[in-house]
Structures are given as C-alpha cells and as structure tokens.
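Here is a short report on how one chain is put together. Look over the structure first, then read on.

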Amino acid sequence: MPGTPETLLLGATALHAGFQVTVTVLVYPRLAETSAPDWRRVHGRHSRRITPLVAVVYVAVLAACAAALADPGPADVAAVAASAVALGTTATLAAPLHGRLTERDDRLVARLLRADRVRAVASVLALAAAVAAVLA
C-alpha cells in the first residue's frame with residue numbers, strides 16, 4: 001500500500017542498500033587502490049562528493065525508521081535494528097576513520113574496508129526485513 005510506514009521503510013532501505021553496496025563494490029575498492037602521493041587529493045575529493053549523498057540517504061532511513069516504529073511489527077523492528085547497525089557503524093567507525101585518513105595508512109584503510117562491509121551486510125539485511133514487513 002503506497003505511503004504506509006512499511007512502504008516508506010522499504011523505499012528507504014532499498015535506497016540505502018543500493019547506495020551502500022555501490023560504495024562497497026565500486027567506490028571503496030577504487031579508493032583503497034589510491035597511492036600515498038595521491039591519497040590526500042583523492043580522499044578529499046571522495047569525502048566532499050559523498051557527504052551530501054550520505055546525508056540524504058541517512059535522513060531518509062532515519063525518517064522511515066521513525067515512521068515504522070510508530071506501530072511496529074517484528075519485521076519493522078528487524079529492519080530498524082539492521083539500519084541502526086549500518087548507521088551506527090558509520091558514526092562510530094567509518095566517519096572517524098575517514099577523519100584520521102589525512103595521509104594514506106594501510107592499516108586504517110583495511111579497517112575502513114572492514115567497517116564498510118559491516119554496513120553493506122546490515123543495509124541488505126535491513127532491506128530484506130523491510131520486504132518482509134511489506135509482505136506481512
């Protein structure tokens with residue numbers, strides 16, 4: 001049913017999963033290949049370009065999760081929980097790592113890639129739960 005909290009959650013989690021999987025499969029591997037001499041320039045450009053998109057996607061997810069929690073079923077709760085893992089991983093791991101990566105550091109890049117995989121898995125699980133919520 002269009003406009004229900006569940007369909008809003010489905011749309012937002014689909015947007016988020018699509019965004020996150022694209023970052024995991026295409027964007028971060030390319031960023032990780034960046035050499036030390038080019039790191040500051042490439043990482044800075046990446047951060048400037050992706051930040052507005054992250055803001056739009058995350059606001060959509062947060063709004064949809066809030067709507068779904070007004071009268072949640074089990075699948076809504078699962079979708080919100082998985083989304084919280086993805087967004088929380090950004091806030092507690094990925095964003096601080098980006099802040100520390102002013103120069104290329106292979107150890108920090110590897111940690112960023114691991115955190116990013118957590119976000120990708122969580123966003124896909126959120127989408128699966130949102131599908132279940134719509135079908136319930």
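Leaving aside neighbours within four places in sequence, which residues is Ala 94 in contact with? They are Thr 89, Leu 112 and Arg 119, where contact means heavy atoms within 4.5 Å.

This is a predicted model, in which local features need pLDDT of at least 70, side-chain atom pairs count only at pLDDT 80 or more, and totals for chains, interfaces and linings use all residues. Residues are numbered from 1 along each chain as its sequence is written, and side-chain values use heavy atoms, with hydrogens and water left out.

**Three buried residues**

Ala 94 sits in helix α3. Helices here are DSSP runs (H or I, at least four residues), numbered from the N terminus. The table lists relative accessible areas; buried means under 20%, exposed over 50%, and partly exposed in between (1.4 Å probe, protein chains only).

| Residue | Helix | Relative accessible area |
|---|---|---|
| Ala 94 | α3 | 1%, buried |
| Ala 17 | α1 | 5%, buried |
| His 43 | α2 | 7%, buried |

Ala 94 lies 7.1 Å from Asp 116, C-alpha to C-alpha, though 22 residues separate them in sequence. Ala 17 and Arg 119 are 102 residues apart along the chain, with their C-alpha atoms 8.9 Å apart. Beyond four places in sequence, Ala 17 touches Ser 123, Val 124 and Leu 127. On the same basis, His 43 touches Leu 31, His 98 and Leu 101.

**Helices α1 and α4**

Two packed helices are described by the angle between their axes and the distance between the axes. Helix α1 (residues 5–32) packs on helix α4 (residues 106–135) at about 155°, with the axes 8 Å apart. Axes are lines fitted to C-alpha atoms over the stretch in contact, and angles run from 0 to 180 degrees between N-to-C directions. The pair is therefore roughly antiparallel, a label for angles over 145 degrees. Their contact comprises 19 nonpolar, six polar and four charged residues. Asp, Glu, Lys and Arg count as charged; Ala, Val, Leu, Ile, Met, Phe, Trp, Tyr, Cys and Pro as nonpolar; the others, Gly among them, as polar.

**The core**

The largest nonpolar core holds 28 residues. Such a core is a set of buried Ala, Val, Leu, Ile, Met, Phe, Trp, Tyr and Cys residues joined through side-chain atoms within 4.5 Å. Leu 9, Val 61, Leu 101 and Leu 112 have the most contacts inside it. Helices α1, α2, α3 and α4 each give two or more residues. Helix α2 gives the most, with nine.

Notes:
Angles under 35 degrees count as roughly parallel, over 145 as roughly antiparallel, 65 to 115 as roughly perpendicular and the rest as oblique.
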